[in-house]
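Reader: I have a model open on my screen and would like to talk through its charged pairs and its core. Could you take me through them?

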Amino acid sequence: MKKRLLTIVIIGAILAFFYTTNPTEADFISYVEKQVKEAKAKKEDSLKKFLVGLNEEAKTLAVREGTTRKDYYLFSIFEVSDNQGNHIHKVIGFARKIFLPLNPGQKDELPNIY
């Protein structure tokens, strides 16, 4: 009986952690700005390629205006599209600092935790 209660408490604590650290759009914008700074040297990822060519003001505006957040309480899915809506990049975020690309062919070395 104690093991079952302990298991429930641990699962509850994990769910509470993910609920309270669900990333906001501001967290995602911060992540993208960091990725763009790193991408200026690499230019590999298509989302990074899209954003690298923009100046700082246009980049921030594109991310803020072109970002849609779907909140699932424990995590969020962010969709970034260009002005024409041709390219949609999906990224899942959880724990405010972990963002993983969901699009096939969108490859990053490892999840970036900053």
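Reader: Is Lys 90 buried, partly exposed or exposed?

Author: This is a predicted model, so the value is computed from its atoms. The relative accessible area of Lys 90 is 34%. Buried means under 20% and exposed over 50%, so Lys 90 is partly exposed.

Reader: Which side chain does Lys 90 meet in a salt bridge at 3.7 Å?

Author: Lys 90 lies in strand E3, residues 88–94, and its partner in strand E2, so the pair ties together parts 11 residues apart in sequence. The partner is buried, with a relative accessible area of 15%. At 3.7 Å, N to O, the side chain that Lys 90 meets is that of Glu 79.

Reader: Which residues do salt bridges with shared partners join into one network?

Author: Glu 79 also meets Lys 70 in a salt bridge, 3.3 Å from N to O. Lys 70 counts as partly exposed, at 35% relative accessibility. With Glu 79 bridged to Lys 90 too, the network joins Lys 70, Glu 79 and Lys 90.

Reader: How many salt bridges are there in all?

Author: Besides those above, Arg 69 and Asp 71 meet through their side chains at 3.7 Å, N to O. Arg 69 is partly exposed at 29%, and Asp 71 is partly exposed at 39%. The full count of salt bridges is four.

Reader: Which element supplies the largest share of the largest nonpolar core?

Author: That core has eight residues, among them Phe 28, Tyr 31, Phe 78 and Val 80. Helix H2 (25–42) and strand E2 (76–81) each supply at least two of its residues. The largest share, four residues, comes from H2.

How values were computed:
Residues numbered from 1 in each chain as written. Predicted model: local features only at pLDDT ≥ 70, side-chain atom pairs only at ≥ 80, totals over all residues. Heavy atoms only, no water. Core = buried A, V, L, I, M, F, W, Y, C linked by side-chain atoms within 4.5 Å. Buried < 20%, exposed > 50% of the residue type's maximum accessible area, 1.4 Å probe, protein only.
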